[in-house]
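This report walks through one protein model, strand by strand and helix by helix. Please keep the structure in view while reading, and look up each element as it is named.

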Amino acid sequence: ICPRESEFGDLLGAVKQKALKVVNAGAHYEAILLGGSGTAAVEACLSSCTNESGILILENGAYGDRIKKICDALKIKSHLIKSAWGDALNLSEIEAHLKTNAKDYNVIAFIHHETTVGILNDLSAINNLAKKYQLKTLVDAMSSYAGIEIDLAKDDVDYLISSSNKCIQGMAGLGICIVKKEILNEIKNYPKRSFYLDLHNNFLAQEKTNQFAFTPPVQILYSLDIAFNEFFIEGGIKARAKRYSDLYELMLKGMTELGFETLVEKKLHSKILTAFKEPTIKNFSFEKMHDFLYAQGITIYPGKSAKENSFRISNIGELNTADILTFLKGVEAYLKSLN
């Protein structure tokens, strides 16, 4: 359909409301959809969220590093507090820095589920710390939204960012920005660092005309609408998070019995993606294991510059117990092929 027709506007309005419902966002939040990958949505929020003040970035993986690179490209003042890729963020270090430097910032930006290593950062603790020092929070929830419970009535983050794929199980191509309405009013006078990704401009277009400011990926919006319906039919966040958690526990038990060790301590696991250390088994090769499994219709992730050589197993999407058992049998078969 034509994206300038009222039919599409009705679809857009319905999808935005469903996006808010997933995270229990009240009437003081607004959802803005953007054509592009999740990174486009992150860049839209970063480019729009501050005036002359800086952004404090918390990094313990590649996606925190990406936030820093976006700020550098946009020439936004920023400071990085970094932990090893595989370690939890150090809240004591962050607070010690804020005690003397909070005045330099407008926003704290961090990743909720850092998929570099499958670590779940403490959204509530970081949000509370930001509020203590009167700073806004910008949360990349790309791979936790709709898979791990986020309650904006409890944790009132200022910017929550995700996309149409990952745990909502739609197709890639749309970014989702959930932002407090008072902030959208505030940022209209901030410096414009992007044309296409200007968050306030995109908000105004959707608010006033019920249309995208620019040509949208119409088919992806249809897909996302269906994905939201499936999410609520499944039972919402508690049901989906439980399914993912059950699949994770089965996968972790099987991999442990096969002799693999996790990179991150269990209490920090997201239960959505798990990083395993590469074993010291003679002739083991991640690439060969990948290809062995791929020939059976199974895709696994390589590692991503973590503190130790590792690979990653994700258990999101339309998966069930049989899928995990098939995967484990495949890994076992590969190990046996090494004698």
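In this model, which is predicted, a good place to begin is strand β12 (residues 310-314), which is mostly covered, since 4 of its 5 residues are buried. Strand β10 (residues 273-277) is joined to β12 by 5 bridges, and the two run antiparallel; within this pairing, Thr 274 has Ile 313 of β12 as its bridge partner. Strand β11 (residues 301-302) also runs antiparallel to β12, to which 2 bridges join it, and here Tyr 301 stands opposite Arg 312 of β12.

**The open sheet**

Another set of strands forms an open sheet of 7 strands, whose order is β1-β9-β8-β7-β4-β2-β3 and whose pairing is mixed. The edge strands are β1 (29-35) and β3 (78-82), each of which pairs on one side only. Neighbouring strands of this sheet are turned against each other by 20° on average, with direction ignored. Strands of a sheet pair through backbone hydrogen bonds, and they may do so in a parallel or an antiparallel way. The table lists three of the pairings in this sheet, each with one pair of bridge partners.

| Strands | Bridges | Sense | One pair of partners |
|---|---|---|---|
| β1 and β9 | 7 bridges | antiparallel | Tyr 29 and Lys 180 |
| β8 and β9 | 5 bridges | antiparallel | Ser 162 and Ile 176 |
| β4 and β7 | 5 bridges | parallel | Ala 109 and Leu 138 |

How many of the residues of β9 are buried? The strand is mostly covered, with 7 of its 7 residues buried. Both of its faces are covered, for Leu 174, Ile 176, Ile 178 and Lys 180 are buried on one side, while Gly 175, Cys 177 and Val 179 are buried on the other. Helix α7 (residues 199-209) lies across β1, β8 (159-163) and β9 (174-180), and its direction makes an angle of about 100° with β1.

In the loop between β8 and β9 lies Gln 169, whose phi is near 65°, a positive value in a residue other than glycine. Most residues other than glycine have a negative phi. Gln 169 has a relative accessibility of 17% and therefore counts as buried, the cut-off being under 20%. A second residue with a positive phi, near 75°, is Asn 283, again a residue other than glycine. Asn 283 sits in the loop between β10 and α10 (286-294) and is exposed, because its relative accessible area is 52% and the cut-off for exposed residues is over 50%.

**Helices and their surroundings**

Helix α2 (residues 38-48) is largely enclosed by the rest of the structure, because 9 of its 11 residues are buried. Among these buried residues are Gly 38, Ala 40, Val 42, Cys 45 and Leu 46.

In helix α4 (residues 91-101), the residues Ile 94, Glu 95, His 97 and Leu 98 are buried. They cover an arc of only 160° around the axis, and therefore they lie on the same side of α4. An α-helix has 3.6 residues a turn, so residues three or four places apart point the same way. What covers the buried residues of α4 includes β2 (54-59), β3, β4 and α5 (123-132). The face turned away from the buried side of α4 carries the exposed residues Ser 92, Lys 99 and Thr 100.

At what angle do helix α8 (residues 218-234) and helix α9 (residues 236-257) pack? The angle is about 85°, and the axes of α8 and α9 are 7 Å apart. The two helices are therefore roughly perpendicular to each other, as angles of 65 to 115 degrees are counted in this way. In their contact, Glu 230, Phe 231, Phe 232 and Glu 234 of α8 meet Gly 236, Ile 237, Ala 239, Arg 240 and Arg 243 of α9. The residues of this contact divide into 4 nonpolar, 1 polar and 4 charged.

**After helix α11**

The segment after α11 (321-337) contains Asn 339, which is exposed, with a relative accessible area of 90%. Asn 339 and Gly 235 are 104 residues apart in sequence, and their C-alpha atoms are 45 Å apart in space.

Methods
Residues are numbered from 1 along each chain as its sequence is written. This is a predicted model: local features need pLDDT of at least 70, side-chain atom pairs count only at pLDDT 80 or more; totals for chains, interfaces and linings use all residues. Side-chain values use heavy atoms; hydrogens and water are left out. Two strands pair if DSSP finds at least two bridges between them. Axes are lines fitted to C-alpha atoms, for helices over the stretch in contact, and angles run from 0 to 180 degrees between N-to-C directions. Contact means heavy atoms within 4.5 Å. Angles under 35 degrees count as roughly parallel, over 145 as roughly antiparallel, 65 to 115 as roughly perpendicular and the rest as oblique. Ala, Val, Leu, Ile, Met, Phe, Trp, Tyr, Cys and Pro count as nonpolar, Asp, Glu, Lys and Arg as charged, and the others, Gly among them, as polar. Buried means under 20% relative accessible area, exposed over 50%, partly exposed in between (1.4 Å probe, protein chains only). The arc is that of the directions from the helix axis to the C-beta atoms.
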